[in-house]
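Thanks for making the time this morning. I would like to walk you through the side-chain contacts in one model, taking aromatic rings, charges and cysteines in turn, so please have the view open as I talk.

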Amino acid sequence: MKRLFLTLFMLGVVSMVSAQSVQTVIVPRPMEATAVKGSYTVTAKTVVAATDAELVRPAELFVEYVAKDLGATLKVEQKEKGGIVLSLDKSLATEEYTLHVSSKGVKIVGGTPAAVFYGLQSLRQLVSAGEVAKKGIKLEGVAIKDKPLLGHRGAMLDVCRYFYTVAEVKRFIDIMAIHKLNRFHWHLTEDQGWRIEIKKYPNLVKIGSKRKETIIGHARRSKIYDGTPHGGYYTQNEIKDIVKYAAERYIEVIPEIDMPGHMVAALASYPELGCRDEKFEVRTRWGISKDVLCIGKESTFEFIEGVLSEVVELFPSQYIHYGGDEAPRHRWKECPHCQKRIQEEGLANEDELQSYFMHRVEKFLAKYGRKVIGWDEIIYGGINKSATIMLWNDKNRAQAISLGNDVIL
C-alpha cells in the first residue's frame, strides 16, 4: 500500500512540475503564464505565417534559432494562416505581446514588431525545452501575457581590457536577444586599448589599439606580466555591420567613449592631448591612471569633437555614453592650462572643471540630436538635467536619485 501511495504521489509531482515548467522555462519569467489544455507539435512542415511584412524578418531569425532543435528549417510566408501565426495589435503596449499555444497551433500577437520578436524568443525557449516527439517537438498548451517592467534593459561589453572579435560580439548580442535585453552598452575606449576606427585620427588604432603585454594577477599586488602583445580594433564597416545586426534583434547599440579619464590609449596616440609634455604608453595593468585629458587646451575639445563627429555617424542611437568616471584631479591641479581655464571660466575647483568639460561635450552632441549617459561621477561639480546617470558606485546612489535626472541602476 505504501508503495502504491508513493507511486501515485510521484506521478502527481511529475504532473505538477510539468505544468509549472511550461510557465517558468522562459527567462526572464513572463508576467502572466497559464497552462491550458491541449498541445501542439512543431514539425518540419510547420509554416510560420507573418501577417505583416514587418514581421517577416523576426520570423526568419526565429527559424534560424530553432533549426538545430528541430533538425529542420521552417518555412516563412507572409500570409494569414499557418502553424505559427504572427500578428500586430496596436492596442498592446510597444513591447507587450501575447503567446498562445493550443492544439490548433501557436499565435503570437505584439504591439510592435519588437514585441512580436520578444514573443518569438519565448517560443524559442519553449521549443528548446519541449518534449521531443516522433515528428518534431511537442509544446504543452500555454497562454502568456508579457511586457517588460523597465524600458532600458542593458548589458555592457568591455572590449578594451580584452578584445573580442566581430563574431564574438554578435554572439553576445544573440545572448542579449534571447533574454529580451534591448540596450547594448559597448565600452570602446580605455587606458588599455582604443577599439574604434576614427579616420581623422589614425594613430588611435595604429598606436592606441595595442599594448605590449598584460599584467597577470591582481593589479594591486602583482608585478608579473605575460610578455604577450594584445590588441585589436573594429573598422567603421565592421561597426556598421554590428549595429545593423543588433537592430534586427531590436537592440540599440550605445557606444561609450570614456572621457576625460581612462584616456591613456588616446594619450599614447596623441601625447599633446595630455597635461604633461611627455610620451605615454598604452597601459599594461588595470586600475586608475593619473594621466587624463587636458581640459585647458582647446585642441582637446577639437579632438573630442572630431572623434564624436564620426561616432554619431556610425551609431544612430538616441544616447552616447561619454564616461565621466575615475578622472583624478592631480594633473589638472599642476597644469597651467587647466588652472587658466578655471580662472577664465570662473570655476571653483577641479570638480567644476570636469563639469565644464562634460557640459561642453553634451552641448556638442545635442547639435546632432543626441543625449548623454555618464557614470555617476558626472554629478560632481554640477550636472545638466538632460544627462542620464549610470550608477556603478553605491555611495552616490542617494544623491544621484535625488537630483531628478534619469538614472540607470
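Let me start with a single side chain, Phe 301, which counts as buried at 3% relative accessibility. Please keep in mind throughout that what you are looking at is a predicted model.

Which ring does Phe 301 pair with? The partner is Phe 357, and the two rings form a tilted aromatic pair, with 5.5 Å from centre to centre and 45° between the planes. Phe 357 also counts as buried, at 0% relative accessibility. What I would like you to notice is that this pair links distant parts of the chain, since Phe 301 belongs to helix α8, residues 298-314, while Phe 357 belongs to helix α11, residues 350-366, and the two are 56 residues apart.

That contact is one of 15 aromatic pairs in the structure. If you now move to another region of the view, you can pick out one aromatic cluster that is made up of Phe 163, Phe 172, Phe 184, Trp 186, Tyr 234 and Phe 315.

Rings also meet charges here, and I have two cases to show. In one of them, Arg 211 lies over the face of Tyr 162, at 5.3 Å from the ring centre. In the other, the charged end of Arg 249 sits over the ring of Tyr 245, 3.5 Å from its centre. Please remember Arg 249, as I will return to that residue in a moment.

Turning to charge pairs, the count comes to 21 salt bridges. As a general reminder, side chains of opposite charge can pair when their charged atoms come close. One of these bridges joins Arg 161 to Asp 158, with the closest N and O atoms 2.7 Å apart, and Arg 161 counts as partly exposed at 25% relative accessibility. Another joins Arg 276 to Glu 278, where the closest N and O atoms are 3.1 Å apart; here Arg 276 is partly exposed, with a relative accessible area of 28%, and Glu 278 is partly exposed as well, at 34%.

A further example is the bridge between Lys 340 and Glu 344, whose closest N and O atoms are 3.8 Å apart. Both residues lie in helix α10, residues 336-344, and they are four residues apart, which is about one turn of the helix. Lys 340 is partly exposed, with a relative accessible area of 49%, whereas Glu 344 is exposed, at 53%. Beyond such individual bridges, there is one network in which salt bridges that share partners join Arg 57, Glu 60, Glu 64, Asp 174, Glu 248 and Arg 249, and this is where Arg 249, the residue over the ring of Tyr 245, comes back into the picture.

Finally, the cysteines. How many disulfides does the model contain? The count comes to zero. Cys 275 is in no disulfide, and the nearest cysteine sulfur, that of Cys 335, is 3.8 Å away. Why does Cys 338 not bond to Cys 335? The sulfur of Cys 338 is 3.7 Å from that of Cys 335, its closest cysteine sulfur, and this is too far for a bond because the two sulfur atoms would have to lie within 2.5 Å. As for their surroundings, Cys 275 is buried, with a relative accessible area of 17%, and Cys 338 is buried too, at 0%.

Definitions and conventions: Residues numbered from 1 in each chain as written. Predicted model: local features only at pLDDT ≥ 70, side-chain atom pairs only at ≥ 80, totals over all residues. Heavy atoms only, no water. Buried < 20%, exposed > 50% of the residue type's maximum accessible area, 1.4 Å probe, protein only. Phe/Tyr/Trp six-rings, centres within 6.5 Å; stacked < 30°, edge-to-face > 60°. Lys NZ or Arg CZ within 6 Å of the ring centre and 35° of its normal. Salt bridge = Lys/Arg side-chain N within 4 Å of Asp/Glu carboxyl O.
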